Amino acid sequence: MTDPIADYLTRVRNAVMAKHRMVEIPASNIKKDITRILYEKGYILNFKFEDDPKPGKIKIALKYHTVTKQSAINRLSRVSKPGLRKYVNSGSLPRVLNGLGIAILSTSKGVMTDKEARKENVGGEVICYVS
């Protein structure tokens, strides 16, 4: 697999489009960090890391609105790709939907959202946009 983060985002996107409640994804440290951010920002209902077999898995419970059955995740898109990396400095951090969505960045201080990166005054590689 050439781009495991794109595979992670695609599995979540496909599960949302198929209205699945759960999705299982092979685990890695950056995927765990992205999952933690999605949970903290309210885009997913819950998650569980299973490390029994050595590669491990991430189980994600997707979040839907109770009345309209709409997913909390409307758009999930990869920005920085293996063929073309996208880096930003602290002065030009992206805004997603004028601050309604989040951009997930990999910085020298760890994986964080664009708002946290502004607060810490750091830049880094833009992993994906979520709205």
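Contacts, cores and strands

Reader: Which residues does leucine 38 touch, and what makes each of these a contact?

Author: In this predicted model, leucine 38 touches Tyr8, Tyr43, Ile44, Ile104 and Val130, with residues up to four places away in sequence left out of the count. A contact requires heavy atoms within 4.5 Å, so each of the five named residues has a heavy atom within that limit of leucine 38.

Reader: What makes the largest nonpolar core a core, and which residues have the most contacts inside it?

Author: The core has 25 residues, and those with the most contacts inside it are Tyr8, Val12, Leu38, Ile60, Leu62, Ile104 and Val130. The term asks for buried residues of certain kinds, Val, Leu, Ile and Tyr among them, joined through side-chain atoms within 4.5 Å. The seven named residues are of those kinds, and as members of the core they are therefore buried, under 20% relative accessible area. In soluble globular proteins, nonpolar side chains tend to be buried together.

Reader: Which helices and strands each supply at least two residues of this core?

Author: They are helices H1 (4-17) and H2 (29-40), with strands E1 (22-26), E3 (57-62), E6 (102-107) and E8 (124-130). H1 gives the most, six residues. A second core, separate from this one, has ten residues, including Val88, Leu105, Met112 and Val126.

Reader: How do you know that E8 is mostly covered?

Author: Six of the seven residues in E8 are buried. Buried means under 20% relative accessible area, so six residues of E8 fall below that value.

Reader: What makes E4, E5 and E6 partners of E8?

Author: Two strands pair if there are at least two bridges between them. Strand E4 (residues 76-78) has three bridges to E8, strand E5 (residues 87-88) has two, and E6 has six. Each of these counts reaches the limit, so each strand pairs with E8. The direction is antiparallel for E4, for E5 and for E6. Within these pairings, leucine 76 stands opposite valine 130, valine 88 opposite glycine 124, and isoleucine 104 opposite cysteine 128.

Reader: Why are E1 and E2 said to stand at the edges?

Author: The open sheet of three strands has the order E1-E3-E2, with antiparallel pairing. E1 and E2 (44-50) each have a single partner strand, so one side of each has no neighbour in the sheet. From one strand to the next, the twist averages 20 degrees.

Reader: How do you know that E2 and E3 are paired?

Author: Six bridges join them, in antiparallel fashion; at least two are needed, so the pair qualifies. Asparagine 46 stands opposite alanine 61, and phenylalanine 49 opposite isoleucine 58. The two strands form a hairpin with six residues between them, and glycine 56 in the turn has a positive phi of about 80 degrees.

Reader: Which strands do H1 and H2 meet?

Author: H1 packs on the sheet, touching E1 and E3, and its direction makes about 165 degrees with that of E1. H2 lies across E1, E2 and E3, at about 155 degrees to E2.

Reader: Why is serine 92 called partly exposed?

Author: Serine 92 has a relative accessible area of 42%. Buried is under 20% and exposed is over 50%, so 42% falls in between. Serine 92 is placed in the loop between E5 and E6.

Reader: What makes the link between serine 92 and asparagine 89 a polar contact?

Author: Their side chains are joined at 2.8 Å. The limit for a pair of N or O atoms is 3.5 Å, so 2.8 Å is within it.

Technical notes
Residues are numbered from 1 along each chain as its sequence is written. This is a predicted model: local features need pLDDT of at least 70, side-chain atom pairs count only at pLDDT 80 or more; totals for chains, interfaces and linings use all residues. Side-chain values use heavy atoms; hydrogens and water are left out. Buried means under 20% relative accessible area, exposed over 50%, partly exposed in between (1.4 Å probe, protein chains only). Helices (H or I, at least four residues) and strands (E, at least two) are DSSP runs, numbered from the N terminus. Axes are lines fitted to C-alpha atoms, for helices over the stretch in contact, and angles run from 0 to 180 degrees between N-to-C directions. A polar contact is a pair of N or O atoms within 3.5 Å; within protein, one must be able to donate a hydrogen and the other to accept it, and residues adjacent in sequence count only if both atoms are side-chain atoms.
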